[in-house]
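User: Please take a close look at the surface of this protein. I would like one connected account that also sets it against the chain as a whole.

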Amino acid sequence: MKPLPEQRGEHPKKNTESSPGEMHGEEPKTAPGNLSAGKTTTTSETEVPAQLNGLTLAHDVIDPTSQPQFDSRPPSPAPPPDAHPPRDQWGGKYEFLLSCIGYCVGLGNVWRFPYLCYRNGGGVFLIPYFIMLFFTGVPLFLMELSLGQYGAAGPITVWKCCPLLKGIGIGMLCVSTLVCLYYNVIIAWTFYYLGSSFQSPLPWSCSAISNAGLCGNGTALNGSSEKSHLSPTEVFWNERVLGVVHSQGLHDPGPVRWPLAICLLIAWVIIFLCMLKGIRSSGKVVYVTATFPYFVLIVLIIRGATLEGSLQGVAFYLTPDWERLASAQVWNDAASQIFYSLGIGVGGLLSMASYNKFDNNVIRDTLIITIGNCSTSFFAGFAIFSILGHMAWRKNVPVGKVADTGPGLAFVAYPEALALLPGSVFWSILFFLMLFMLGVDTLFGNMEGITTAVLDEFPQLRRNMKHKSLFLAALCFAFYLMGLLLITDGGIYWFTLIDSFSTSFGLIIITLFMCLGIAFFYGVNQFCQDIIDMICRCPPWCTKVLLYFKACWVFCTPFLLLFILTYIFIEMYNTSLHYGKYVFPRWGKALGVCMGATCCLQIPIWAIVAISKESGTLRDRFRKAIRPLNSWRVNNLNSEGAGERVEPERVEAPFTVNLTDMDFTAMTWENGTQA
């Protein structure tokens, strides 16, 4: 059957009616199923053109012994015209950039980075932080953006490039689900504080009548020494917001706190409405949500610089402690902050990049987003510690005594600092509105990772707006019901458990396998060539920068990830998990380990499934499982020059999948061609 490509070359536009797995060079110009439309021939009008797999053969095949066999062969059914409905695309490159910046710049930039910075040696922490940024964060960020943009698919479907690693996409989906489950609870807390900020005086300030006893010298409490050390903000957080004082631990969640339940419902309704039309709606929202926090940070920095004691806080923030560089804890914290801040390995970046135009410059976007995000973290530190320095000056205590980690910094230390400012109501409203914007942007990216993965696996949902809306509504409502556990009296314990283990070792393992899989299975040279193909007019500096990224993907990044992973397992075994004075029981910690293990175990499970679907020896099965599918790159053929990137030798399905015993023999075909 060697002459078949020659016949295909005579009628190139007839070969577009093929299975979804075929690589299309150009769009068909005839109606689906009408393969002979516009065909001119010398045969009689009653003669049926020869067909093979739905392909009209050339008119010079006239051998009488072979022609009846083609006449008896009905055309193969053509796929419906909307089998793969077109994907949405960003309205412009600024929508994508703002969406990624909003996704990366989140609550972690405000409360997590400043705390880690002063806990790990102040300004010295910036050294391991930027080393981890340039050798793990930026390379993995570019890998996710490039993979999503080139494949034009979500976290699961994109692994058509290497079916063996489909479990990476499933694992990303699991991580993203856990993150979405608890992240919107933070937005619910923000709503509660935002609503409370419209009271004057603020309910957590010493000016409130209910806090008169708490703001005294402590003797009025007559023996209640434990409560005498609590500030009004701590009492408001623990009793009014969380209700944690009524719970004994994980085993005692208690009733749902209905004010928080209403706030959580409002938060999910907002997320649903903003994502209802996909990136067409969320891409417009980010113009406000991604830029407003920067305005608030600038205002807070200017205001903080005018406060007494602000320089004391900034000095505490930047004072270096060079001995801390020898501690593995510092390097682990730097790496964890990079992953937490950039949102690597969760699937959100990959999904958002899949809606890019094929020729978008991913290298430029990577450098802008990553450097901008980390600069924002450093920039936010000045706004935060200038206010905390003033707070320490007012209370006459060291700065280290007024800062805390985790949600406590955002909802205890900051409200207390804001309450000390003149015009505290205005500053409080502005601050919690900023937290709301930061949280919503990050949740957009996480939810986009889930919805894109599902819509790519079930494209019929993408075609029907009603079904897509019902799916999104069901997804948001399911997250709301599961999130009710986190807003009970003991919900903060479950929140801490999920927060600690959802993005721990499981996320590191997922990104490690993603890096190794692309570098060694798919091929680092092929991946770099794919990036060059996307950047049509690749400037010289891009090709030079790719050499640096290639070295990171093969050597530096896997080594650093293994180092971080080893430290995480050692630390997880030797240290206990706690919230405040409550130490988590062993079964609770084991439950958290199971959460992380569930995410990363998807990789071997789906690798076994991929190998079992192939035939031959184990070695042959493995080789077939790491080879890209025929449908890889099919979504990019609407771009200019895409036809030149098609590799004909990989396109096998249209010429083999429908052949039967009734088909002609090779000898008959050759005779017919010679005739």
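Analyst: **The surface and its nonpolar patch**

The chain has an accessible surface of about 29100 Å² (Shrake-Rupley method, 1.4 Å probe; for residues, only the protein chains shown count as cover), and carbon and sulfur atoms account for 63% of that area. This is a predicted model, in which local features need pLDDT of at least 70, side-chain atom pairs count only at pLDDT 80 or more, and totals for chains, interfaces and linings use all residues. Residues are numbered from 1 along each chain as its sequence is written, and side-chain values use heavy atoms, without hydrogens and water.

Ile 127, Phe 130, Ile 131, Phe 134, Phe 135, Trp 322 and Ile 371 together make a nonpolar surface patch of about 610 Å² (nonpolar side chains of Val, Leu, Ile, Met, Phe, Trp or Tyr joined within 5 Å, each residue having over 30% relative accessible area and no salt bridge, that is, no Lys or Arg side-chain nitrogen within 4 Å of an Asp or Glu carboxyl oxygen). Helix H5, residues 126-151, is the greatest contributor to the nonpolar patch, supplying five residues. Ile 127 lies in helix H5. Ile 127 counts as partly exposed because its relative accessibility is 35%, between the limits for buried (under 20%) and exposed (over 50%).

As for the whole chain, 56% of its 675 residues count as buried. The chain contains 27 helices and four strands (DSSP runs numbered from the N terminus: H or I of at least four residues, E of at least two).

Note on methods: Buried means under 20% relative accessible area, exposed over 50%, partly exposed in between (1.4 Å probe, protein chains only). Patches are made of residues with over 30% relative accessible area and no salt bridge: like charges are joined within 9 Å, nonpolar side chains (Val, Leu, Ile, Met, Phe, Trp, Tyr) within 5 Å.
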